[in-house]
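Trainee: I am new to this one. Could you walk me through how its features get their labels?
Mentor: Gladly; let us look together.

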Amino acid sequence: MCNKPQTTDSQVSDIKKSYLGIEISTDVCSGTVPAIEREQLSRLLDKLRKDDVLVVWWIDRLGRDYHDSETTIRELLNRGVTIKTINQNMTFAYSGNDMQDMTINIQLTMITAMAAAERKNRLASAESGRQAIKQDPKLWAEKFSGRKPNMARKAKIIELLEQGLSIRKIAARVGCNPSTVQRVKKINKI
């Protein structure tokens, strides 16, 4: 079983060649959601039994943060599940030998802690960049001005509204959401 966000077709093909009979599970959600609340991951975790092998892209993808990842990983290992990572090319499984299992725990602690530190550094760096841009209001307005309006689409929506078409029909014809048509209708008082 594999859990990796935004897996390409080529990567899926490679994974299937490397792990015959693998079931691919992709969970795309915010990194702030705990493992147990992630729909696909939660289902996957419920399915796993003793002697199953879980293949993950990164070990830290098994949780929201250091503690969530650590809890999920140890629970799986305690249930007899083996965890293999693709990017780190590592295998984690408890053997019943106290010394070997302690070594596994140390490795997991280091890897998940390093991933958590990297994430915090990326977030801090991004925030630092935003703060630097905020110092220049002109640059801030340029960088965070939002999408430019599609004037051609707006004109077409107005034209179709004036012809009396329904909001849903206009949305389907123009290729936008009905809320976009409603917004144009409201702003232009049609």
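Mentor: This is a predicted model. A good place to begin is the right-handed β-α-β unit made by β3, helix α3 (residues 66-78) and β4.

Trainee: What makes the β-α-β unit of β3, α3 and β4 right-handed?

Mentor: Point the strands away from you and follow the path from the first strand over the helix to the second: a clockwise run is called right-handed. The unit of β3, helix α3 and β4 is assigned that hand.

Trainee: How do you know that β3 and β4 pair, and in which sense?

Mentor: Pairing needs at least two bridges, and β3 and β4 have four, in the parallel sense. One of the partnerships to look for is leucine 54 with isoleucine 83 in β4.

Trainee: What makes β4 and β5 a pair, and how do they run?

Mentor: Here two bridges join the strands, which run antiparallel. The requirement is at least two, so β4 and β5 count as paired. Lysine 84 stands opposite threonine 91 in β5. The two strands form a hairpin, with five residues between them.

Trainee: Which residue in the turn of that hairpin has a positive phi?

Mentor: That is asparagine 89, with a phi of about 50°. Most residues other than glycine have a negative phi. Asparagine 89 sits in the loop between β4 (82-85) and β5 (91-92).

Trainee: Why is asparagine 89 called exposed?

Mentor: Its relative accessible area is 68%, and exposed means over 50%, so asparagine 89 earns the label.

Trainee: What is the phi of aspartate 51, and where does this residue lie?

Mentor: Phi of aspartate 51 is near 75°, a positive value in a residue other than glycine. Look for aspartate 51 in the loop between α2 (39-47) and β3 (53-56). With 63% relative accessibility, aspartate 51 also counts as exposed, because the cut-off is over 50%.

Trainee: At what angle do the axes of α6 and α8 cross?

Mentor: The axes of helix α6 (residues 151-162) and helix α8 (residues 178-187) cross at roughly 75° and come within 10 Å. Angles of 65 to 115 degrees count as roughly perpendicular, so α6 is roughly perpendicular to α8.

Trainee: Which residues meet there, and what kinds are they?

Mentor: From α6 come Arg153, Lys154, Ile157, Ile158 and Leu161, and they meet Thr180, Val181, Val184 and Lys185 in α8. The residues of this contact divide into five nonpolar, one polar and three charged.

Definitions and conventions:
Residues are numbered from 1 along each chain as its sequence is written. This is a predicted model: local features need pLDDT of at least 70, side-chain atom pairs count only at pLDDT 80 or more; totals for chains, interfaces and linings use all residues. Side-chain values use heavy atoms; hydrogens and water are left out. Axes are lines fitted to C-alpha atoms, for helices over the stretch in contact, and angles run from 0 to 180 degrees between N-to-C directions. Angles under 35 degrees count as roughly parallel, over 145 as roughly antiparallel, 65 to 115 as roughly perpendicular and the rest as oblique. Contact means heavy atoms within 4.5 Å. Ala, Val, Leu, Ile, Met, Phe, Trp, Tyr, Cys and Pro count as nonpolar, Asp, Glu, Lys and Arg as charged, and the others, Gly among them, as polar. Buried means under 20% relative accessible area, exposed over 50%, partly exposed in between (1.4 Å probe, protein chains only).
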